[in-house]
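Colleague: Could you take a close look at the surroundings of the ligand and then set that part in the context of the chain?

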Amino acid sequence: TVSVLYWRLLPLPVWPMSAATGEVLALAASFQQSFALATAVELKIPEAIRDGATTTAAIATAAGIPEDSANRLLRALATIGFFEQDHASGRWRNTEKGEATIAVRDTIVHLGKHCAPGWMHLTDALKTQRHVAQQAYGHDTMWDWLVQDPERVATFNANMQLATTRLTDALLTQYDWSQYNGKRLCDVGGGRGHLVGSVIKKHPEIKGVCFDLPEVVAEGKQWAAAQGFDGLTFEGGSFFERVPNAEVITLGHIIHDWNNDKCLGILESCRNAIADDGTLII
Ligand SMILES: C[S@@+](CC[C@H](N)C(=O)[O-])C[C@H]1O[C@@H](n2cnc3c(N)ncnc32)[C@H](O)[C@@H]1O
């Protein structure tokens, strides 16, 4: 399998074809590049190389895989510019792209290892307009599968925190949160509490609550404690059943995850919990 993968990562034109056909085939094969990348990143190979494991044997030991497998994976990813090998010494180095994977590791692993199984069932999802989580994950939702493993939860939470933190400055400066001083703000499906924590850090008179699945808030609490989000509280539960009472509720990157019926369920829980003159921010 790995030799096929290596062959596929090479530039494609093996027989005469139009540029358009070449582009189409390259795109069709590109999942192999994503999977190879996600695997190397999941095994922390870029970190191992950065930290001095530069022979194939040392990288294999750090990654916990046989040397021959490491050799094949490294060579495959060298064809698309993540690693370089010095031919005289056989030692590996990260390219700039290889080094760049380290800061976004959790996002790469989340996409390549958590999201990809769902995409395998896109045809069924389109035909039935139902979630395909049972087929893809053996559970009713991807999250029911994620929460089985604390490492998956930590990777997922760190990925969402990274994604949302890129927006936080704009959210804090472009919106007048001070109008909610003295009120209770609940971020529903709030992950590690990264958004609501940032809001109350800047506006300490707002009472912040992060609501998410119990396993998610358990990991989130530990992370938030190190961020100085004083006063932030966490509640665990399912937004299909209830959410905490609040004058202001935020839903960040939630609604796009669900079909219309499920979205109505989430919105109904918010309606039941929000003050009559409250605000829902999506
Ligand atoms: C795409 S993430 C968004 C996280 C965060 N709001 C952000 O924007 O960074 C979706 C969130 O919904 C949470 N979630 C999924 N199912 C849930 C449920 N039934 N009840 C509460 N939260 C849930 C997930 O754990 C996850 O934190």
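Modeller: The shell around the ligand is made up of 20 residues, and the closest are Thr-164, Gly-189, Asp-212, Gly-252 and His-253. Please keep in mind throughout that this is a predicted model, and that the distances below are computed from its atoms.

Two of these closest residues also make side-chain polar contacts: an N or O atom in the side chain of Thr-164 lies 2.6 Å from an oxygen atom of the ligand, and for Asp-212 the distance between a side-chain N or O atom and a ligand oxygen is 2.7 Å. On the nitrogen side, a ligand nitrogen atom is found 3.0 Å from an N or O atom in the side chain of Ser-238. The ligand, which would expose 590 Å² if taken alone, has 95% of that area buried by the protein.

Sorted by class, the shell contains nine nonpolar residues, nine polar residues and two charged residues. As for which element supplies the largest share, that is helix α11, spanning residues 150-174, with three residues of the shell.

Turning from the ligand to another serine, Ser-269 sits in helix α14, which covers residues 260-273. Ser-269 counts as buried because its relative accessibility is 5%, where the cut-off for that class is under 20%. A polar atom of the Ser-269 side chain lies 2.7 Å from the backbone oxygen of Phe-239. Leaving aside residues up to four places away in sequence, Ser-269 touches Phe-239, Phe-240, Glu-241, Arg-242 and Val-243.

For the wider context, an unreviewed UniProt entry lists an O-methyltransferase C-terminal domain at residues 119-282; over that range the chain is 48% helix and 18% strand, with the end C-alpha atoms 25 Å apart. The unreviewed entry also gives an O-methyltransferase dimerisation domain at residues 27-98, and there the chain is 62% helix and 8% strand, while the end C-alpha atoms are 21 Å apart.

Taken as a whole, the protein chain has 14 helices and seven strands, and its C-alpha trace spans about 70 × 45 × 35 Å along the principal axes. Of its 282 residues, 43% count as buried, and the chain exposes about 15,300 Å², of which carbon and sulfur atoms supply 55%. Finally, among contacts between residues at least 6 apart in sequence, 62% join residues at least 24 apart.

Conventions
Residues numbered from 1 in each chain as written. Predicted model: local features only at pLDDT ≥ 70, side-chain atom pairs only at ≥ 80, totals over all residues. Heavy atoms only, no water. Near = heavy atom within 4 Å. Polar contact = N/O pair within 3.5 Å; in protein donor to acceptor, adjacent residues only side chain to side chain. Areas by Shrake-Rupley, 256 points an atom, 1.4 Å probe, with all protein chains shown as cover. Helix = DSSP H or I, 4+ residues; strand = E, 2+ residues; numbered from the N terminus. Nonpolar A, V, L, I, M, F, W, Y, C, P; charged D, E, K, R; others polar. Buried < 20%, exposed > 50% of the residue type's maximum accessible area, 1.4 Å probe, protein only. Contact = heavy atoms within 4.5 Å. UniProt positions renumbered as here; feature names shortened; annotations may be inferred.
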